[in-house]
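Reader: I would be grateful for a close look at a single part of this model, namely a loop residue with an unusual backbone angle. Please then place that residue in the context of the chain.

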Amino acid sequence: MLGGTGPYGGEDGGGERGPLTLGRSDECAMLGAMAEAARERSGRLALISGAAGIGKSDLIESVVAGWLAADGAAVVGRGVPVVGPRLAYLPWSHALAHPLGSGAAAIDARLRGALRLLERPVDRQQALAAVAVWRELVAVADRQPLCIVLDDAQWADQSSLALIGAGLPEVVHAAILLVVAARSSALSSDSSLGEMFAEWERSEYCRHVRLGGLDTASMTELIRRAVPEANGIDEAVARAGGNPFFALTLVRSARAADASLPAQLLDFLASQLRAADPNIVRAVQVMALAGEPVDLRILSATLGAPELAVEAEVLEGTRRGLLRFDGDLVCVAHDLIAEAAVQSMGPATRRALHAGLATAYEQSDGHGHKWAAQRATHWQKAGEHEAAVVAALEGAQAAHTAAAYPEQWHHLRLAIVEYGELSATQPERLPPYDLLTEAAEAAYRAGHPTDAVELAERALAQPGESDDATTALLVRLVGYRRATGDGRGAIATARHAFETLSEDAEPLPRAEVTSAYAAVLMASGEYTAASSLARSALDLVTAQAASDRRSAVTVGALTTLGVATALKGDTDAGLAALDDALSTARTDGHKEAELRALNNRSFVLQAAGRHKAAAADALEGLVLSREQHLDLGASALLIANLVECLDWLGRWDEALAHVFEGLAQSISPEIKAGLRGTAAHITAFRGNVSQARAMIQLALDEAAGSGMAGLHAQLAAIAADIALADGAPTEALEVVTTALAALDSSDEESETLPLAVLGMLALHSLRHVEPPASFRASREYIANQVRRTVGLEGFLSTDDPAVKAWHATYEAADLTAAGTGTAVVWASASTRWADLQQSLWYARCLIWTAEFEAATSRRRAASTLSRALLVVDQLGAGTLARDVEALVRRAHLTGLSTAPPATTVDRTQPAGLTGREQQVLALLTKGETNRRIARTLFISERTASVHVSNILRKLSCRNRGEAAAAAHRLRLVSSTEEA
């Protein structure tokens with residue numbers, strides 16, 4: 001076995017692998033098997049190759065350490081880079097003079113005899129001398145298994161390599177492991193070492209271990225073990241391209257985030273560049289400045305050389321580990337080579353190569369706005385600002401045509417920056433008004449509303465624009481401010497536009513301003529005023545000719561009217577207005593207006609407790625935003641609403657998929673905190689409480705600067721629930737009381753009651769632990785907070801079914817904490833949650849119901865728990881499954897399954913598939929792709945992929961074909977679904 005107790009560790013009888021062989025388990029296993037065979041007198045030749053610094057020597061150290069630990073002897077020699085003729089047999093001489101191992105003294109005499117043979121002049125008797133040397137080494141191996149290592153063979157002389165070849169016939173019948181390592185850059189087919197490696201590999205006793213870059217996880221762990229106090233690990237790993245030596249040098253130099261390389265590493269990389277042909281170096285420099293993979297024809301045009309000649313140079317650069325070549329695309333092998341290449345150039349060389357790249361892109365056809373972006377960027381870096389502006393504007397136009405708004409924003413931002421460079425010498429060259437307004441809209445559509453606000457304000461500051469243009473831009477600025485969360489600024493802008501609107505303004509601009517003002521008033525809670533203004537806007541556009549502007553105003557006003565009406569209490573009338581808004585947008589083909597209408601209708605449906613319909617609208621909105629390349633600030637809101645609905649409905653896998661999708665976007669800290677909180681809650685009930693604690697702490701940190709009391713209350717409730725799941729009721733109670741103290745009398749029942757429920761459940765767990773006086777004080781404090789919100793009489797003033805469910809659960813938890821809980825009150829609460837399709841609290845209330853039923857009827861308790869377990873299984877809630885199992889054991893219940901969720905089968909759902917998974921399976925059997933499944937079911941493609949993975953797992957299938965066959969065999973799909 002490899003490993004032992006050597007300085008680099010390894011594996012020995014199951015021991016822990018040392019840090020410098022992390023991520024090399026396959027290679028270690030291969031070398032370990034070869035070592036075992038060699039010790040049994042079936043010698044082996046191990047060839048190890050890889051880039052400089054990739055870990056060849058570390059792997060050899062592990063081999064040697066394992067060999068010595070097994071009472072073997074070892075000799076280790078290295079090739080040395082020298083100027084001029086290489087010394088004959090230098091690595092062999094170094095190896096034979098310094099034997100290692102417990103029996104080194106006993107074999108020293110024979111090794112020195114072999115060494116004396118090598119010290120003879122190299123002449124025509126060389127072959128005979130080689131045979132004599134190997135005879136001595138075999139004799140040594142007869143006494144004690146021998147490992148011979150020749151590292152850095154790329155620097156060995158020809159006689160040293162010939163000696164290796166001469167010994168192969170002797171090695172295979174002796175207890176010898178011969179290890180030869182070399183850099184992969186030295187193994188070209190036309191080099192002598194490359195030819196020898198190729199010849200040796202043909203032997204059945206030889207294996208070639210080719211070392212590639214380490215994966216990110218292994219690199220990170222390696223650094224943490226080798227340099228425990230290291231900083232900048234992530235940056236070092238990202239820059240090192242899987243090379244352990246590069247990464248360790250970066251962190252040990254404490255320069256991982258610095259723009260310049262440590263001197264040691266720069267010298268090392270520069271030496272690799274100096275050793276290459278100048279044409280290859282120039283290709284590396286061009287690719288380093290390009291910053292991304294480049295088409296071979298672009299590289300050829302930049303270098304001004306024939307494509308075939310450049311291709312040959314690229315292939316040689318790839319062999320040397322400087323470049324990568326994949327099809328027609330060329331790139332630098334890794335970031336550090338690029339950094340070294342850039343630092344090797346002077347400013348004039350960089351500008352010239354950037355200009356060459358820009359010209360090459362300019363003269364090549366294809367790739368639309370993408371190549372225009374490259375052209376503009378390289379003209380910019382070449383200092384050609386006029387050319388950069390022209391290229392950027394061309395790219396922006398092409399991106400707009402392709403509805404690629406992030407790319408359009410990138411182009412326009414670059415054009416504005418270049419105008420700034422021009423204005424430094426030509427003060428009159430300011431960015432024109434049209435450019436600023438176009439850039440503002442592109443930034444907004446790309447999801448950067450803060451930039452949109454800044455650009456719109458710059459445009460408004462420019463004199464000379466018409467009143468209509470100013471009014472239109474003010475209306476857009478209202479939307480930009482709303483998207484940033486600046487409600488006050490949006491109201492101020494809308495009021496200014498409304499109050500300064502000219503008396504003789506046309507009806508359409510007046511309607512646009514009125515509708516915008518209504519929208520911000522609605523968002524600030526002034527529902528009556530918002531409704532009145534929205535109706536005025538609708539009156540203004542009634543007689544206007546059909547146009548995109550008229551459609552946008554109509555849909556916006558109807559949307560505002562619908563949301564305001566619903567929030568005033570008339571949900572059905574509000575939804576009717578929103579339906580009209582959506583119908584108008586679809587009839588007029590106005591996709592942006594349709595997206596806003598879907599977003600707002602989803603919000604109203606969720607607030608009304610219609611979570612399934614709300615989730616469907618949110619999913620449809622997300623699909624629309626992706627297909628039309630729209631954002632408009634709605635994408636993050638749709639994801640947040642969707643995740644909350646899916647969590648409520650117990651569709652946790654889908655919820656988590658969308659959480660990670662949302663976190664990958666540029667979203668506000670409040671939305672990000674809410675998404676993390678939901679993920680933490682699901683993770684806790686899935687059984688990973690430690691990870692949930694880390695996630696909720698991150699969410700709390702992100703929400704720390706927010707003034708949204710509801711968000712803080714929501715996250716506090718999740719933190720308390722996670723503490724309860726972790727068996728820490730004291731912590732949960734402290735979180736609850738702190739959060740309740742932060743709420744004021746204006747806060748709603750939906751924020752107070754969840755905290756109160758969890759506080760009472762925590763008190764129940766502490767009933768026999770907490771001192772009576774402290775227990776009574778805590779219970780009374782929570783009850784007072786509830787009375788303050790709900791009312792002194794404890795009667796709810798709302799018809800919100802969710803609030804009623806929370807209140808019923810609070811009453812049950814309060815009685816339970818007092819020691820007077822009953823099955824009846826918990827059953828009543830469970831019924832309310834069932835009506836709302838809230839899976840988690842439905843299951844929890846059922847478990848509490850069974851807890852009290854067990855005292856009088858174990859059969860009834862078992863029946864109730866079976867219903868709970870069905871839901872627990874569908875959720876995959878391992879934490880609740882353990883609660884069920886504990887109750888079964890405690891109450892001696894029988895007649896129900898207490899298997900963990902992963903193995904519990906829902907008999908009403910074939911093969912344990914959920915209803916949604918059955919729908920996906922039906923489409924899968926028809927050969928539908930994930931994309932078509934997503935569109936058919938109004939879910940995201942990622943969610944469809946999650947469902948397919950779950951189906952394959954539950955059916956024990958390896959692929960979609962097997963799943964389809966299993967569906968027919970097990971009759972999981974009806975004939976109507978198959979048709």
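**A loop residue and its setting**

Author: Q837 is partly exposed, its relative accessible area being 39%. In this predicted model, the residue sits in the loop that links α39 (823-835) to α40 (839-853). Its backbone is notable: phi of Q837 is near 60°, a positive value in a residue other than glycine.

A second residue, D152, also has a positive phi without being glycine, with a value near 50°. D152 lies in the loop between β3 (146-151) and α6 (158-171). Is D152 buried or exposed? D152 counts as buried, because its relative accessibility of 15% falls under the 20% limit for that class. Q837, at 39%, falls between the 20% and 50% limits and is therefore partly exposed.

The surface elsewhere offers a feature of charge. D467, D468, E503, D504 and E506 gather there in a patch of negative charge. One of these residues, D468, belongs to helix α22, which spans residues 467-484.

As for the chain that holds these parts, its secondary structure comprises 47 helices and eight strands. The chain has 979 residues, of which 53% count as buried. Its accessible surface comes to about 43200 Å², and carbon and sulfur atoms account for 51% of that area. Among contacts between residues at least 6 apart in sequence, 65% join residues at least 24 apart.

Terms used. Residues numbered from 1 in each chain as written. Predicted model: local features only at pLDDT ≥ 70, side-chain atom pairs only at ≥ 80, totals over all residues. Heavy atoms only, no water. Patch = residues over 30% accessible without salt bridge, like charges linked within 9 Å, V, L, I, M, F, W, Y side chains within 5 Å. Areas by Shrake-Rupley, 256 points an atom, 1.4 Å probe, with all protein chains shown as cover. Salt bridge = Lys/Arg side-chain N within 4 Å of Asp/Glu carboxyl O. Lys, Arg positive; Asp, Glu negative; His and termini not counted. Charge placed at Lys NZ, Arg CZ, Asp CG, Glu CD. Helix = DSSP H or I, 4+ residues; strand = E, 2+ residues; numbered from the N terminus. Buried < 20%, exposed > 50% of the residue type's maximum accessible area, 1.4 Å probe, protein only. Contact = heavy atoms within 4.5 Å.
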